[in-house]
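This report describes a single model from its chain-level totals down to individual residues. The structure is shown first, and the commentary follows.

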Amino acid sequence: MRKLTAAWSVLATTVLALAGLTPAAQAAPDDVKDALGRIPGLTVVSENPAPTGYRFFKLTYAQPVDHRRPGAGTFQQRFTLLHKEFRSPTVAYTSGYNVGESPNRSEPTQIVDGNQLSMEYRFFTPSRPEHPDWGKQLTIWQAAADQHRAVEAFKRIYPGKWLATGGSKGGMTATYFRRFFPNDVDATIPYVAPNDVINSRDRYNRFLANVGDDPACRSALKAIQRDVLTRRSEFAALAATDAAKNGYTFKTVGSADVSLEISVIDSYFAFWQYQKQSDCATIPKAGAPAAQVYAWFERVESLNTYSDQNLEIYVPYYFQAAYQLGAPESYEGYLRDLLRYPGRNVSRTFVPQSVDIPRFDHLAMPDIDFWVKSQGKRLLFVYGGNDPWGAEPFQLGFGTKDSYSYTVPGGNHGARISQLPAAQAAEATNNVRRWAGLPPVSPGVSTRSVPAGFPDFDADLSLLHRPRL
């Protein structure tokens, strides 16, 4: 009898192997730390305190420097894992920049009450090869391949439904990941993700010329910009004092004066990106005391934004914007008579000269755009009505299946499903839950309750405050 039982066991294992299922996939281990230790190339750096009912780990994972040449070496990419249960849905999250180092839950993770695997984008320090080849190794495909390998590795212990999400550049990243590896996750929920497929400068400028409900607000913003440029020496002195205190230098953009001018230009875009319509009342009047105006700029767009030290962390983004992603032209025509450096607010300006940028890839974004419109499925886009990055959004097309796009009225770059009108919020929430294999939420039941110990995920938007995207 024992021989017969053993034979059946061997047969079952063989069948599972032929089906591509491992014992881990059918019955996850009891201890998540032990399970993580079995994933090849994964290192558990530490287990950190987490809210009750969760475990939180800092991880590194060995990724190929070049996925097209796996033998060319590896680098360590940072991840974090928020573990709830092995069979709960799992959300693959990225900001498109650095990975957050504290336990937190994106909105889709809250909606499905699941696990969250968060990744750091390649080339963001310290997830950078020792000798980087930017043009070959920092592409949207290479980054998607990073996420593909990670998701496939973690499916060994999380066999349930998988979702991908991210905000801003993270939303773009989640979309690109799905385009190149469409079967890795069951659905994708990108937030405030721009789609510079046409790289049309006019779309952004037309949007900015009419954004918001109050023309007086737009006029007030333009007036304070002109006021600062008119009193340039006064504000330059305040900025210089802060720069000296913080040890700022300005070699990349050329000078502190260049940084100040670009920051003033950017302030109009930045206001609508992160502030609310009600914040129009906070705009100082032209001629107000310099200290008052300077303090307002510190909240909206610091006049030292483009110091070398502030730029350093975001160089990989600016490189990608200049190479594949595209970026809007600065909205500066109404300031031209006061500008010393017109046309300098372009991605190349913010990348050190030591980094070579290949010729712009005009096919990268049209390829993504065409895939979304012709083959995309189970996509849910969320935009903010006043967010300038929504001027050129992803649009659903003739071949898009089971997908949705929502816009938060008056919303900014922090737009969320929970901010939508009630009927749309309920529809979007239940679509996410359906894709995760969960029942719909009953009317009036909130999915955004925050367990003790979790900050509100919206607080993480500070990670996206520089650069504009």
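Trp389 is buried, at 2% relative accessibility, where buried means under 20% relative accessible area, exposed over 50% and partly exposed in between (1.4 Å probe, protein chains only). Trp389 is found in the loop between strand S8 and strand S9 (404–408). Its C-alpha atom is separated by 7.5 Å from that of Gln273, although the two residues are 116 residues apart along the chain.

The model is predicted: local features need pLDDT of at least 70, side-chain atom pairs count only at pLDDT 80 or more, and totals for chains, interfaces and linings use all residues. Residues are numbered from 1 along each chain as its sequence is written, and side-chain values use heavy atoms, with hydrogens and water left out.

## The chain as a whole

The protein chain has 16 helices and nine strands; these are DSSP runs numbered from the N terminus, helices being H or I with at least four residues and strands E with at least two. Of the 469 residues in the chain, 54% are buried. The chain exposes about 19,700 Å², of which carbon and sulfur atoms supply 54%; accessible areas come from the Shrake-Rupley method with a 1.4 Å probe, and for residues only the protein chains shown count as cover. Among contacts (heavy atoms within 4.5 Å) with a separation of 6 or more, 74% are between residues 24 or more positions apart.

## Helices H9 and H12

Two packed helices are described by the angle between their axes and the distance between the axes. For H9 (residues 215–230) and H12 (residues 290–300), the axes come within 12 Å and cross at roughly 120 degrees. Here the axes are lines fitted to C-alpha atoms, for helices over the stretch in contact, and angles run from 0 to 180 degrees between N-to-C directions. The crossing of H9 and H12 is left-handed, a term used if the near helix is turned anticlockwise from the far one by less than a right angle, clockwise being right-handed.

Which residues of H9 meet H12? Leu221, Ile224 and Val228 in H9 meet Val293, Trp296 and Phe297 in H12. By class, this contact of H9 with H12 has six nonpolar, no polar and no charged residues. In this scheme Ala, Val, Leu, Ile, Met, Phe, Trp, Tyr, Cys and Pro count as nonpolar, Asp, Glu, Lys and Arg as charged, and the others, Gly among them, as polar.

Tyr294 also lies in helix H12. Tyr294 is buried, with a relative accessible area of 8%. Tyr294 and Val228 are 66 residues apart in sequence, with their C-alpha atoms 9.0 Å apart in space. Leaving aside neighbours within four places in sequence, Tyr294 is in contact with Phe235, Leu238, Ala239, Asp242, Leu303 and Asn304.

## The disulfide

Taking a disulfide as a pair of cysteine sulfur atoms within 2.5 Å, the count comes to one. The bond joins Cys217 to Cys280, with an S to S distance of 2.0 Å. Distant parts of the chain are linked by this pair, since Cys217 is in helix H9 and Cys280 is in the loop between helix H11 (256–274) and H12, 63 residues apart. The link of Cys217 and Cys280 is left-handed, with -85 degrees about the S-S bond. Cys217 is buried at 3% relative accessibility, and Cys280 is buried as well, with a relative accessible area of 16%.

## Backbone features and a buried aspartate

Two residues other than glycine have a positive phi, and they are set out below with their locations.

| Residue | Phi | Location | Relative accessible area |
|---|---|---|---|
| Val192 | near 40 degrees | loop between S7 (187–191) and H8 (201–210) | 1%, buried |
| Arg378 | about 50 degrees | loop between H15 and S8 (380–384) | 24%, partly exposed |

A cis peptide bond joins Thr125 and Pro126, with omega of about 10 degrees. Pro126 lies in the loop between strand S5 (115–119) and helix H5 (134–137).

Is Asp369 buried or exposed? Asp369 is buried, with a relative accessible area of 10%. Its place is in helix H15 (residues 364–374). Not counting residues up to four places away in sequence, Asp369 touches Asn195 and Val197.
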